[in-house]
Amino acid sequence: MTRKRQELLGKGFLWFCAVVTVSSLLLVLAYVTLKGAPGVSWNFLTASPEDMGRKGGVFPAIVGTLFLVVLGIAIATPFGVGAGLYLAECVSRNSRLGEIFRFGIETLAAVPSIVFGLFGYALFVKALKPVTGGTTLLSGALTIALMILPILTRATEEAVRAVPVSYREASLALGATRGQTVFRVVLPAAAPGISSAVILGVGRIVGETAALLFTLGGSPLVPRSIFEPARTLAMHLYLVVLEVGAMDMGFATAFLLMVITLGLNLAVDAVSRGK
Amino acid sequence: MDMNRTSAVAAKPVVPQDGDVGTTVPQVASPRPNVTPPVREKIRTEKLTVFYDGKEAIKSIDLSIPEGMVTAIIGPSGCGKSTFLRALNRMNELIPGTRTTGKVLVDGINIYDPAIDLPTLRKNVGMVWQRPNPFPKTIWENVAYGPKCLGVKSKAVLDDIVEKSLREAALWDEVKDRLHSSALALSGGQQQRLCIARALAVEPSVLLMDEPAASLDPISTTKIEDLMAELRGKYTLIIVTHNMQQAARVSDYTAFLLMGELVEFDVTERIFTRPKRKETEDYITGRFG
C-alpha cells in the first residue's frame with residue numbers, strides 16, 4: 001500500500017467516526033422531536049397532570065424545575081465561586097494544598113449522582129428533617145448544590161487564573177489593596193467564565209434525576225414553598241414512563257427538556273464569547 | 001543596536017537647568033561612578049540585590065535618583081533594568097521565587113521595612129508598563145479607578161480628577177467626547193497615555209516607566225517623549241529603555257546596567273559623550289547589546 005493510500009484510508013476512517021457521532025446525535029434529536037413535539041401544546045405547558053400523568057400537562061414540573069434551579073444556584077454559587085477564588089488567589093498551582101484541593105474537587109465531580117442522592121437522603125431528608133421538612137425542594141436543592149459545586153469551583157479558578165497578570169499589576173500599582181484588585185478588576189474580568197459555569201450548573205440541575213428521586217419527593221402538585229415536595233421535568237419524565245407507562249407524555253416532556261438544554265448551551269456560547 | 005553617537009547627542013536638548021527644582025548640573029566629571037547629584041535626592045538604593053530563584057538578577061546596586069528629574073536606566077536585554085525598576089515599588093514580590101535584600105529609600109524611608117503599607121507606597125510610586133494595560137472598562141472608569149480605591153466617592157470630584165489627569169497626559173482633547181466608551185477601543189499610543197493618566201490620577205510623586213514606548217509607532221513614541229518632558233519637574237521620572245537615542249533625548253541622568261551590575265551613573269550628556277567606563281562606551285556606540 002502506498003503512503004498516499006494509507007493517508008487516505010486514515011482520513012476516511014476518521015471521517016466515518018465523525019459521521020457516526022454526528023448522525024447518532026441527530027438520530028436522537030430527530031426521534032425525540034418526531035415523537036415529542038406534537039404533544040407539546042399550550043395546554044401541556046400550563047396544565048397539571050391528570051390521571052397520574054397519562055393526561056394533562058407538566059406545569060407543576062416546570063415550576064418545580066425553576067424553583068430547584070434558582071434555589072440550587074443560589075446555594076452553590078457563593079461557595080463555588082468563593083472556593084475557586086481561594087484556589088486561584090491564595091493557593092499556588094503546584095503547592096501540596098492546591099493539589100489536595102484539586103484532587104478532592106475532581107473526585108467530587110466524578111461521584112455518581114445516585115450516591116449524592118443517597119447521601120442527600122440520609123443527611124437532608126432523614127437527619128435534618130426538622131430543618132428541611134423531609135423530601136422537599138430544600139433537600140433537593142441542597143443535594144444538587146453539592147453536585148454542581150465542583151463545576152463552579154473549577155470554572156471560577158480557571159477563569160480567575162486566566163485574567164491577565166497585567167490587570168492585577170496595574171491595579172496594585174495604583175495603590176489598590178489586594179481585595180479591591182480582586183473584586184473590582186479580577187472578578188469582573190473573569191465574569192464571562194464564571195457565568196458560563198453557572199449556566200452549565202443550571203443544565204446539570206435541569207437534567208439531574210437520580211439524586212432528586214431520593215430527595216425531592218416527586219409531588220405532582222405545584223410547590224408553594226421550599227418546604228414542599230416537588231418534581232422536575234426530568235423526574236416527571238422518569239415517573240410517567242416507568243411508573244405509569246405514558247410514553248407519549250414522556251416524549252413530549254423529553255422534547256421540552258431538549259429545547260431547554262439547547263437554549264442553555266446557546267446561552268453558554270453567547271456568554272463565553274463575551275459581552 | 002545601530003547607534004549614531006553624534007546624532008544622539010545632537011538630538012538631546014540642552015541639559016535642563018530648571019530653576020524651580022534648584023538644579024545645577026555639575027560640569028566636572030565625578031571621580032566615582034555613583035555621583036551624588038546636587039539636587040534633592042528622591043530615591044536612594046543601598047546594596048539593592050534581587051534574586052530570582054536564588055540567582056542574582058541585580059547585584060548590590062547603590063544609586064541616588066534626583067527629585068523632579070528624568071533618570072534613564074539603559075543596558076542590554078536581561079541586564080536587570082526592569083528588575084531594578086520593579087524593586088522601587090516592590091512589584092517584584094508579585095513574582096513567586098523573588099527575594100530582595102538591601103534598601104530602597106524613598107524620601108528617606110526604607111520601603112522594604114516590614115511596617116511599610118504597600119498600597120500607600122504604590123500610590124506614591126506609580127508605574128507604566130511596556131504594553132499598555134488599560135482595564136477592560138471605560139476611559140472614565142480607568143482613570144477614576146485609583147482615586148475610587150483610595151476612597152474618593154463624589155462623582156464631581158472624580159470628574160475633576162479624570163479631566164485633570166487626562167489633560168496632564170495630553171489625552172483629554174482626543175477622548176473628552178467619549179469618556180464612557182471602552183478604553184480598549186483606543187489606539188495603542190492613546191492607551192499608553194491613558195495608562196499614564198490613570199497613574200497620575202492618584203497623585204504619585206514618582207513615575208516608573210518600563211519601556212513605555214517600546215510597543216508604539218514613532219508618532220506615538222514622540223508624543224510619549226513630549227509628555228515625559230511635560231511631566232519632568234513635577235514628578236520624578238525613572239524610565240527603562242533599550243532605545244539609547246530615547247535615553248539621550250529625554251533624560252537628565254542615565255544609569256548603565258550590565259549583567260545585573262551598575263556600571264556607570266552620570267549626567268546623561270556625559271554618559272553619551274565622555275563615558276568613564278569602557279563597557280559604557282562599547283554599549284552606547286553599539287559595539288554590543
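Colleague: How many bridges join strand β1 (residues 41-52) of chain B to strand β4 (residues 98-106) of chain B?
Modeller: Heads-up: this is a predicted model, where local features need pLDDT of at least 70, side-chain atom pairs count only at pLDDT 80 or more, and totals for chains, interfaces and linings use all residues. Residues are numbered from 1 along each chain as its sequence is written, while chains are lettered from A and ligands numbered from 1 in the order in which they are written. Strands (E, at least two residues) and helices (H or I, at least four residues) are DSSP runs, numbered from the N terminus. β1(B) and β4(B) run antiparallel, and the number of bridges joining them is eight.

Colleague: Which residue of β4(B) is the bridge partner of Glu46(B)?
Modeller: Strands of a sheet pair through backbone hydrogen bonds, either parallel or antiparallel. Here β1(B) and β4(B) run antiparallel. Look across from Glu46(B) into β4(B), and the partner is Lys103(B).

Colleague: Which strands are at the edges of the open sheet in chain B?
Modeller: Two strands pair if DSSP finds at least two bridges between them. Four strands form this open sheet with antiparallel pairing, in the order β2-β1-β4-β5 (chain B). An edge strand pairs on one side only, and that fits β2 (55-66) and β5 (109-110) of chain B.

Colleague: Is Lys47(B) buried or exposed?
Modeller: Lys47(B) lies in strand β1 of chain B, and its phi is positive, near 50°. Most residues other than glycine have a negative phi. To judge burial, count other C-beta atoms (placed from the backbone) within 10 Å: 20 or more is buried, 12 or fewer is exposed, and in between is partly exposed. Lys47(B) has 11, so the verdict is exposed.

Colleague: Where is Met259(B) found, given its positive phi of about 50°?
Modeller: Met259(B) takes that positive phi although it is not a glycine. With 15 other C-beta atoms within 10 Å, Met259(B) is partly exposed. Its place is the loop between β9 (253-258) and β10 (261-267) of chain B.

Colleague: How many residues of α7(B) are buried?
Modeller: α7(B) reaches 18 Å from its first C-alpha to its last, close to the 18 Å expected at 1.5 Å a residue; the expected span is 1.5 Å times one less than the number of residues. Among the elements that cover its buried residues are β6, α5 (155-168) and β7 (206-210) of chain B. The buried residues include Gln190(B), Arg193(B) and Leu200(B). Of its 13 residues, the buried count is 12.

Colleague: What about α4(A): how many of its 15 residues are buried?
Modeller: Helix α4 (residues 96-110) of chain A reaches 21 Å from its first C-alpha to its last, close to the 21 Å expected at 1.5 Å a residue. This helix is hardly covered, though, and its count of buried residues is one.

Colleague: Which element of chain A helps cover the buried residues of α4(B)?
Modeller: Nine of the 11 residues of α4(B) are buried, including Ile139(B), Tyr145(B) and Cys149(B). The cover from chain B includes α5, α6 and α7, and chain A adds α9 (178-207).

Colleague: Which element gives the largest share of the side of chain B that touches chain A?
Modeller: The contact takes 22 residues from chain B and 14 residues from chain A, where contact means C-beta atoms, placed from the backbone, within 7 Å. Elements giving two or more residues to the chain B side are α3 (118-124), β6 (125-128), α4 (139-149) and α7 (188-200) of chain B. The largest share is four residues, and it comes from α3(B).

Colleague: How far apart in space are Ser205(B) and Val125(B), C-alpha to C-alpha?
Modeller: Ser205(B) is in the loop between α7 and β7 of chain B, and with 17 other C-beta atoms within 10 Å it is partly exposed. Leaving aside neighbours within four places in sequence, Ser205(B) is in contact with Asn124(B), Tyr235(B) and Thr236(B). Although Ser205(B) and Val125(B) are 80 residues apart in sequence, their separation in space is 6.3 Å.

Colleague: What distance separates the centres of the two domains of chain A?
Modeller: Chain A is divided into domain 1 (3-39) and domain 2 (43-272), with bounds from an automatic or database domain assignment. Seven residues of domain 1 are in contact with eight residues of domain 2. Taken over C-alpha atoms, the centres of domain 1 and domain 2 of chain A are separated by 31 Å.

Notes
Two residues are in contact if their C-beta atoms, placed from the backbone, lie within 7 Å.
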